[in-house]
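Reader: I would like to learn how to read a protein structure. Please take me through one.

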Amino acid sequence: MSLTIEEKFQNANIRLTPQRALIVETLAESTDHPDADAIYRRALKKDSSVSVATTYRTLSLLEEAGILRKLNMQDGKARFEIEREDHNHLVDKENGRIHEFKNDELNNLIAKIAGEMGYDIVNARVEVVGKKRGDTECGCIQINVY
Ligand SMILES: [Zn+2]
């Protein structure tokens with residue numbers, strides 16, 4: 001069961017301020033994986049008092065608290081998403097869109113490989129960069145945040 005925003009802040013032992021709630025809400029409503037500037041522009045539409053500096057500061061604080069995850073993509077751009085159940089990303093090389101997928105077989109294989117190397121997995125993420133072939137539906141999952 002996923003935690004509410006309030007519970008996440010409580011667990012991370014940081015105060016839930018209106019600015020922080022605004023950034024989390026903005027990300028929770030996003031169906032993509034926005035970068036910091038896009039998050040700022042979206043947050044600004046909801047609250048005209050938000051600044052770029054506050055947005056960046058809040059993003060790194062929330063990342064440290066484990067509420068957000070910063071994705072350092074292979075294209076060198078950092079994107080953000082709400083920290084939630086493990087899933088993998090497939091990045092469209094042409095338009096940069098990030099599709100999400102989960103696969104038990106892949107998870108088992110990763111666990112097997114890590115196990116053979118003497119490790120228990122703490123977390124595992126796979127990032128695939130792909131070039132779209134034809135019009136096939138991606139069938140990508142949209143993991144519910146709350
Ligand atoms: Zn994702």
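Author: The turns below go from the whole chain to single residues. Keep in mind that this is a predicted model.

Reader: How many helices and strands are there, and in what order do the elements run?

Author: The protein has five helices and five strands. Read from the N terminus, the order is α-α-α-α-β-β-β-β-α-β. The C-alpha trace spans about 50 × 40 × 25 Å along its principal axes.

Reader: Which domains does the assignment give?

Author: The domain assignment gives domain 1, residues 5–82, and domain 2, residues 88–145. Their C-alpha centres lie 23 Å apart. Eight residues of domain 1 are in contact with seven residues of domain 2. On the side of domain 1 that touches domain 2, three residues are nonpolar, three are polar and two are charged.

Reader: What share of the residues is buried?

Author: Of the 146 residues in the protein, 16% are buried. As for contacts between residues at least 6 apart in sequence, 55% join residues at least 24 apart.

Reader: Now a helix. Which residues of α3 are buried, and which are exposed?

Author: Helix α3 covers residues 36–46, and Ile39, Tyr40 and Ala43 are buried in it. These three lie on the same side of α3, because they cover an arc of only 100° around the axis. Asp37 and Lys45 are exposed on the other side of α3.

Reader: What covers the buried residues of α3?

Author: The cover includes α2 (18–29), α4 (52–64) and β2 (78–82).

Reader: Why does lysine 45 count as exposed?

Author: Count the neighbours. A residue is exposed if 12 or fewer other C-beta atoms lie within 10 Å of its own. Lysine 45 has 9 C-beta neighbours inside 10 Å, so this residue counts as exposed.

Reader: How do strands pair in a sheet?

Author: Strands of a sheet pair through backbone hydrogen bonds, in either a parallel or an antiparallel way. Here, an open sheet of three strands has the order β4-β3-β5, and its pairing is mixed. β4 (98–101) and β5 (127–130) are at the edges with a single partner strand each, so one side of each has no neighbour in the sheet. From one strand to the next, the twist averages 25°.

Reader: Over how many bridges do β3 and β4 pair, and which residues stand opposite each other?

Author: Strand β3, residues 88–92, pairs with β4 in the antiparallel sense over four bridges. Histidine 89 is opposite glutamate 100 in β4, and asparagine 88 is opposite phenylalanine 101 in β4.

Reader: What is found in the hairpin of β3 and β4?

Author: Five residues come between the two strands, and glycine 96 has a positive phi near 75°. The C-alpha atoms of glycine 96 and lysine 45 are separated by 24 Å, with their positions 51 residues apart along the chain.

Reader: How do β1 and β2 pair?

Author: β1 and β2 pair in the antiparallel sense over five bridges. In this pair, arginine 69 stands opposite glutamate 81 in β2. The hairpin of β1 and β2 has five residues between the strands, and glycine 76 takes a positive phi near 90° there.

Reader: Which residue that is not a glycine has a positive phi?

Author: Asparagine 13 is not a glycine, although its phi is positive, at about 60°. Asparagine 13 is in the loop between α1 (5–12) and α2. This asparagine counts as exposed, because it has 7 C-beta neighbours inside 10 Å.

Reader: Let us end with one strand residue. Where is leucine 71, and which residues does it touch?

Author: In a regular strand, side chains alternate between the two faces of the sheet. Leucine 71 is in strand β1, residues 68–72. Leaving out residues up to four places away in sequence, leucine 71 touches His33, Ala78, Arg79, Phe80 and Glu81. Leucine 71 has 18 C-beta neighbours inside 10 Å, so this residue counts as partly exposed. The C-alpha atoms of leucine 71 and histidine 89 are separated by 9.9 Å, and the two residues are 18 apart along the chain.

Note on methods. Residues are numbered from 1 along each chain as its sequence is written. This is a predicted model: local features need pLDDT of at least 70, side-chain atom pairs count only at pLDDT 80 or more; totals for chains, interfaces and linings use all residues. A residue is buried if 20 or more other C-beta atoms lie within 10 Å of its own, exposed if 12 or fewer, and partly exposed in between; C-beta atoms are placed from the backbone. Two residues are in contact if their C-beta atoms, placed from the backbone, lie within 7 Å. Domain bounds come from an automatic or database domain assignment. Ala, Val, Leu, Ile, Met, Phe, Trp, Tyr, Cys and Pro count as nonpolar, Asp, Glu, Lys and Arg as charged, and the others, Gly among them, as polar. Two strands pair if DSSP finds at least two bridges between them. Axes are lines fitted to C-alpha atoms, for helices over the stretch in contact, and angles run from 0 to 180 degrees between N-to-C directions. The arc is that of the directions from the helix axis to the C-beta atoms.
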